[in-house]
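Let's walk through this structure together, one feature at a time. Keep the viewer open and follow along as we go.

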Amino acid sequence: YLVGYKTINTSIFVMPMFTLVTYLGYYFFLKNKKYVDDKERKFNEYMVNFTVIGFFVALLGTKLFFLSRIQFYFCLSIIFLIPNIISNIKGDMKKLLYAFCLVMGIVFYIYSLNGNGGKPLPYQTIYNKGESQIIEIYE
């Protein structure tokens, strides 16, 4: 898939922003949390360190093609940290966060449709194999 397009079109608003937002969420909501188990504290610290490394790899990945693929392996730390961050947010702030995520998801979906001529992102499946741009490139 990537060979056909020669790029992933990574930008500073995708992975670097996700890692930065995750780090800020950790800093504001988990850093001063009182842990019952020391293993959980250490695990969260390892994951946030992994996220910081991922931020710098993601920044470099916006310009260097070989790092643009590697930056997505740092999503693992985000997957582990975000539930901990959300569970530590209280009351109205959590509702505000959910509403913000819903609005931003709709905005980004409409933006991607607009940028792609009204069609969803071009994923190749067994159902659209005949229409795929990938097939046209290699024929």
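Before anything else, a working rule: a salt bridge here is a side-chain nitrogen of Lys or Arg within 4 Å of a carboxyl oxygen of Asp or Glu. Keep in mind that this is a predicted model, where local features need pLDDT of at least 70 and side-chain atom pairs count only at pLDDT 80 or more, while totals for chains, interfaces and linings use all residues. Residues are numbered from 1 along each chain as its sequence is written, and side-chain values use heavy atoms, with hydrogens and water left out.

With that rule in hand, the count of salt bridges is four. Start with Arg41 and Glu45, whose side chains meet in a salt bridge at 2.8 Å, N to O. Both residues sit in helix α3, four residues apart, about one turn of the helix. (Helices are DSSP runs of H or I with at least four residues, strands are runs of E with at least two, and both are numbered from the N terminus.) This bridge belongs to something wider: salt bridges that share partners join Asp38, Arg41, Lys42 and Glu45 into one network.

Asp38 has two partners in that network. With Arg41, the closest N and O atoms are 2.8 Å apart; with Lys42, the closest N and O atoms are 3.8 Å apart. The spacing along helix α3 helps to make sense of this: Asp38 and Arg41 are separated by about one helical turn because they are three residues apart. Asp38 and Lys42 are four residues apart in the helix, so they too are separated by about one helical turn. As general background, side chains of opposite charge can pair when their charged atoms come close.

Are these charged residues buried or exposed? Here buried means under 20% relative accessible area, exposed means over 50%, and partly exposed is in between (1.4 Å probe, protein chains only). Asp38 has 39% relative accessibility, so it counts as partly exposed. Arg41 is partly exposed at 28%, Lys42 is partly exposed at 39%, and Glu45 is partly exposed at 31%.

Now zoom out to the whole chain. Its secondary structure comes to seven helices and zero strands. Buried residues make up 24% of the 139 residues. If we call two residues in contact when they have heavy atoms within 4.5 Å, then among contacts between residues at least 6 apart in sequence, 68% join residues at least 24 apart.

What about the inside? A nonpolar core is a set of buried Ala, Val, Leu, Ile, Met, Phe, Trp, Tyr and Cys residues joined through side-chain atoms within 4.5 Å. The largest one has eight residues: Tyr26, Leu30, Tyr35, Met47, Val48, Leu81, Ile85 and Ile89. The elements giving two or more residues to this core are α3 and α5 (75-88). There is also a second, separate core of six residues, including Met15, Val57, Ala58 and Ile78. In general, nonpolar side chains tend to be buried together in soluble globular proteins.

Leu81 is a handy place to look around in the largest core. Setting aside neighbours within four places in sequence, Leu81 is in contact with Thr22, Tyr26, Leu30, Asn44, Met47, Val48 and Thr51.

Phe29, found in helix α2, is another useful stop. Not counting residues up to four places away in sequence, Phe29 touches Ile85, Asn88, Ile89 and Met93. Phe29 and Ser87 are 58 residues apart in sequence, yet 9.3 Å apart in space, C-alpha to C-alpha. At 28% relative accessibility, Phe29 counts as partly exposed.

Next, the cysteines. With a disulfide taken as a pair of cysteine sulfur atoms within 2.5 Å, the structure holds zero disulfides. Cys75 is partly exposed, with a relative accessible area of 27%, and Cys101 is partly exposed at 45%.
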